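Student: I have a new structure open and would like to learn how to read it. Could you walk me through it?

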Amino acid sequence: MPEGHSVHRLARQFDDVFGGQVLAVSSPQGRFAPAARLIDGARLATSHAHGKQLFLGFENDLVLRVHLGLYGAWRFGGDEHFTGASSIGAPRKVGETEQGPDAESGPYQGPPEPVGQVRARLVSAHGWADLRGPSACEVLTPREASSVRAKLGPDPLTAAAGEFELAKGRGTAVEHLRAARAARKEFVSRLAGKKTPVGTALMDQAVLAGVGNIYRAETLFRTRLDPFTPGCDISARKAGLLWDDIVSIMSDGVRDGKIITTRPEHRGPGPLWPENAYYTYQRQGRTCRLCTSAISLSEVAGRKLYWCPGCQRRAGARPGGT
Ligand SMILES: [Zn+2]
């Protein structure tokens with residue numbers, strides 16, 4: 001499942017290539033057809049990510065909400081105005097993996113014939129986007145969209161989104177800074193209310209929105225937290241530092257389009273990604289990059305959790321293990 005950084009990149013992509021434009025919205029597969037008619041021919045006004053969900057606001061006040069889930073993916077194509085507008089490169093497909101351009105030859109001649117189960121298709125004068133296999137794709141009233149967002153915890157990419165908005169001339173630096181600070185405060189407070197292990201709480205989208213399995217494992221390692229420590233046992237100071245670390249690695253993810261959490265001095269020989277990208281993720285049984293312990297694998301919150309028993313101990317233990 002894409003983690004929050006991918007969805008934020010998607011929001012930027014929609015803003016860049018479709019923002020302010022009238023879109024033809026359809027559902028080649030048919031399943032989304034009645035809802036598509038509600039926004040067909042409307043102008044795209046806003047594009048926001050909140051955690052793993054994308055909210056596209058149209059000028060008729062309706063909001064398209066998309067959650068990719070495990071199998072969903074967007075695919076894009078268009079002419080040079082369309083690809084040139086993209087601030088994240090010219091992505092043709094965004095899902096679990098963000099790939100470079102496909103080999104698509106010849107001048108742009110409009111969207112291709114839909115292939116497979118295209119739930120939603122958005123078309124502008126310069127390009128198109130096809131959505132396949134999402135876990136949610138629906139059109140909401142502003143009130144319904146607010147109620148969905150109210151159930152989500154704060155988003156660590158609030159500051160990154162604010163910078164993007166500011167670069168586009170929307171809002172003020174003070175407003176965006178205030179929003180980022182409020183998000184941090186909210187996270188500290190929500191984590192303090194959790195008796196569940198921090199390894200479980202980080203996957204709870206009501207505690208914070210956007211962290212998935214890779215970021216969870218990596219930030220717990222980087223902050224030397226034992227994943228089984230109850231959320232309420234983590235001090236406000238440490239919870240704040242945990243938030244700051246998540247903000248830092250996820251913001252890098254938005255910039256890079258992939259997750260890399262290691263510091264240069266902790267990397268071994270071989271390519272940076274994926275071999276040297278992580279401290280613990282999918283490194284079970286291998287020696288920790290920082291100590292002599294082997295990386296462990298446990299099942300937490302129904303997902304595989306990778307961690308280092310040497311580095312990640314309860315308060316009092318020295319970092320670095322042995
Ligand atoms: Zn270690």
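Tutor: Gladly; we will take a few features in turn. Keep in mind that this is a predicted model.

Student: Let's start with the metal. Which residues coordinate the zinc ion?

Tutor: Look for the atoms that hold the metal. Here the zinc ion is held by the SG atoms of Cys-288, Cys-291, Cys-308 and Cys-311, at 2.3 to 2.4 Å. Along the sequence these donor residues follow the spacing C-x2-C-x16-C-x2-C. Cys-291 sits in the loop between helix H9 (236-256) and strand S10 (296-300), while Cys-308 is in the segment after strand S11 (303-307), so this pair, 17 residues apart, links distant parts of the chain.

Student: What is the geometry of the site of the zinc ion?

Tutor: Compare the angles with the ideal. Four tetrahedral donors ideally make angles of 109.5 degrees at a metal. In this model the angles among the 4 donor atoms are 96 to 116°, and the site is tetrahedral.

Student: Are Cys-291 and Cys-308 buried or exposed?

Tutor: The cut-off for buried is under 20% relative accessible area. Cys-291 has 7%, so it is buried, and Cys-308, at 0%, is buried too.

Student: What does UniProt place at residues 279-313?

Tutor: An unreviewed UniProt entry lists the feature "domain: FPG-type" there. In the model, that span is 0% helix and 29% strand, and its end C-alpha atoms are 16 Å apart.

Student: Now the interior. Which residues have the most contacts inside the largest nonpolar core?

Tutor: In soluble globular proteins, nonpolar side chains tend to be buried together. The largest such core here has 42 residues, and those with the most contacts inside it are Phe-187, Leu-191, Leu-202, Leu-208 and Leu-242. Two or more residues each come from helix H6 (173-192), helix H7 (198-201), helix H8 (213-222), H9 and S11. H9 gives the largest share, 8 residues. Another core, apart from this one, has 31 residues, including Phe-18 and Leu-54.

Student: How many residues of H8 are buried?

Tutor: Count the buried positions, then see what lies over them. In H8, 10 of its 10 residues are buried, so the helix is mostly covered. Among the elements covering them are helix H1 (4-18), H7 and H9.

Student: How do strand S2 and strand S3 run relative to each other, parallel or antiparallel?

Tutor: Follow the bridges between the strands. S2 (residues 44-50) and S3 (residues 53-58) run antiparallel and are joined by 6 bridges. One bridge pairs His-48 with Phe-55 in S3. The two strands form a hairpin with 2 residues between them, and Gly-51 in the turn has a positive phi of about 60°.

Student: Which backbone values should catch my eye?

Tutor: Most residues other than glycine have a negative phi, and most peptide bonds are trans. Asp-61 is not a glycine, yet its phi is positive, about 80°. Asp-61 lies in the loop between S3 and strand S4 (63-67), and it is exposed, with a relative accessible area of 52%. Arg-224 also is not a glycine and has a positive phi of about 60°. Its place is the loop between H8 and H9, and at 24% relative accessibility Arg-224 counts as partly exposed.

Student: Where is the cis peptide bond?

Tutor: Check omega for a value near 0°: the bond from Trp-273 to Pro-274 has it and is cis. Pro-274 is in the loop between H9 and S10.

Methods
Residues are numbered from 1 along each chain as its sequence is written. This is a predicted model: local features need pLDDT of at least 70, side-chain atom pairs count only at pLDDT 80 or more; totals for chains, interfaces and linings use all residues. Side-chain values use heavy atoms; hydrogens and water are left out. UniProt positions are given in the numbering used here, feature names are shortened, and annotations may be inferred rather than shown by experiment. Helices (H or I, at least four residues) and strands (E, at least two) are DSSP runs, numbered from the N terminus. Donors are N, O and S atoms within 2.8 Å of the metal (3.2 Å for Na, K and Ca); water is not among the atoms, so sites may look incomplete. Four donors count as tetrahedral if all angles lie between 85 and 135 degrees; four count as square planar and six as octahedral if opposite donors are over 155 degrees apart and all others between 65 and 115; anything else is irregular. Buried means under 20% relative accessible area, exposed over 50%, partly exposed in between (1.4 Å probe, protein chains only). A nonpolar core is a set of buried Ala, Val, Leu, Ile, Met, Phe, Trp, Tyr and Cys residues joined through side-chain atoms within 4.5 Å. Two strands pair if DSSP finds at least two bridges between them. Contact means heavy atoms within 4.5 Å.
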